[in-house]
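Trainee: I am new to this structure, and I would like to go through the terms used for it one at a time.

Mentor: Then let us take each term in turn and set the value against its definition.

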Amino acid sequence: MKRFIYLSAVFAAMLLMVSCSGSNSTPSAAFENYSSGMVSGDYDKLTSGIYISDENKEKADAIRESYKEMIESKGKSSLDKKGGLKEIVVLSEEISEDGNTAVVKFKQVFGDGSETEDDQKMVKVGDEWLMDVGK
């Protein structure tokens with residue numbers, strides 16, 4: 001019985017490590033992670049995935065905060081007119097030959113049933129993929 005409990009605990013710990021470690025390991029997985037913040041209204045989660053260039057590192061918090069304020073003021077009212085954002089579905093990803101940039105194509109599904117398709121540029125920083133919003 002003790003062996004069963006021990007093995008169960010080890011198995012649970014392994015599952016936890018695997019599920020937490022790969023969340024941003026691909027462009028699509030990273031985009032899904034960050035964009036889930038847009039769906040849930042967790043704009044800090046969304047803006048945490050914004051790539052900040054080295055020359056702007058000291059202003060990173062201010063840049064992320066300005067994006068958050070813009071989303072809260074303009075984006076939310078636009079979404080409310082469409083019945084809210086129901087889900088974001090990744091359609092595809094294209095990783096560049098050098099493996100450091102990618103484009104994720106996605107679909108937004110709104111509460112009123114309408115849909116739009118768009119794409120998001122992604123950049124790899126270390127082992128993590130971030131959204132390149134051009135700043």
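Trainee: What makes the meeting of the side chains of aspartate 44 and lysine 68 a salt bridge?

Mentor: This is a predicted model, so the values are computed from it. A salt bridge needs a side-chain nitrogen of Lys or Arg within 4 Å of a carboxyl oxygen of Asp or Glu, and the side chains of aspartate 44 and lysine 68 meet at 3.0 Å, N to O; the pair therefore satisfies the definition. Aspartate 44 belongs to helix α3 (residues 43-47) and lysine 68 to helix α4, so the pair ties together parts that are 24 residues apart in sequence.

Trainee: How many salt bridges does a search of the whole structure find?

Mentor: Such a search finds 3 salt bridges, and the one between aspartate 44 and lysine 68 has been described above.

Trainee: Why are β1 and β2 called paired strands?

Mentor: Two strands pair if there are at least two bridges between them, and β1 and β2 are joined in the antiparallel sense over 9 bridges, so the definition is met. Among the residue pairs, glutamate 87 stands opposite valine 109 in β2, valine 90 has phenylalanine 106 as its bridge partner in β2, and glutamate 94 stands opposite valine 103 in β2. The hairpin of β1 and β2 has 5 residues between the strands, and glycine 99 there takes a positive phi near 75°.

Trainee: How do you know that β2 pairs with β3, and what joins β3 to β4?

Mentor: β2 and β3 run antiparallel and are joined by 9 bridges, while β3 and β4, which also run antiparallel, are joined by 4 bridges; at least two bridges are needed, so β2 with β3 and β3 with β4 both count as pairs. Between β2 and β3, alanine 102 stands opposite methionine 122 in β3, and lysine 107 has glutamate 117 as its bridge partner in β3. Methionine 122 also has a bridge partner in β4, namely methionine 131.

Trainee: Which glycines take a positive phi in the hairpins of β2 with β3 and of β3 with β4?

Mentor: In the hairpin of β2 and β3, with 4 residues between the strands, glycine 113 has a positive phi near 95°. In the hairpin of β3 and β4, with 2 residues between them, glycine 126 in the turn has a positive phi of about 65°.

Trainee: What makes β1 and β4 the edge strands of the sheet?

Mentor: The open sheet has 4 strands in the order β1-β2-β3-β4, with antiparallel pairing, and β1 (85-95) and β4 (128-131) are its edge strands, each pairing on one side only. From one strand to the next, the twist averages 35°. Helix α2 packs on the sheet, touching β1, β2, β3 and β4, and the direction of α2 makes about 160° with that of β1.

Trainee: What lines the largest pocket, and how much space lies in that pocket?

Mentor: About 530 Å³ of space lies in the largest pocket, and 21 residues line it, of which Met38, Leu46, Ile71, Gln108 and Gln120 lie nearest its centre. The elements that give two or more residues to this lining are α2 (27-40), α4 (60-81), β2 (101-110) and β3 (115-125), with α4 providing the largest share, 7 residues.

Trainee: How do the residues of that lining divide into nonpolar, polar and charged?

Mentor: The lining of the largest pocket has 13 nonpolar, 5 polar and 3 charged residues.

Methods:
Residues are numbered from 1 along each chain as its sequence is written. This is a predicted model: local features need pLDDT of at least 70, side-chain atom pairs count only at pLDDT 80 or more; totals for chains, interfaces and linings use all residues. Side-chain values use heavy atoms; hydrogens and water are left out. On a 1 Å grid over the protein atoms alone, a cavity is a set of points where a 1.4 Å probe fits but cannot get out, and a pocket is an open set with protein on both sides within 12 Å along at least five of seven lines; lining residues have an atom within 4 Å of a point. Grid points are joined across faces, edges and corners, and a volume is the space filled by probe spheres set on the points. Ala, Val, Leu, Ile, Met, Phe, Trp, Tyr, Cys and Pro count as nonpolar, Asp, Glu, Lys and Arg as charged, and the others, Gly among them, as polar. Axes are lines fitted to C-alpha atoms, for helices over the stretch in contact, and angles run from 0 to 180 degrees between N-to-C directions. Contact means heavy atoms within 4.5 Å.
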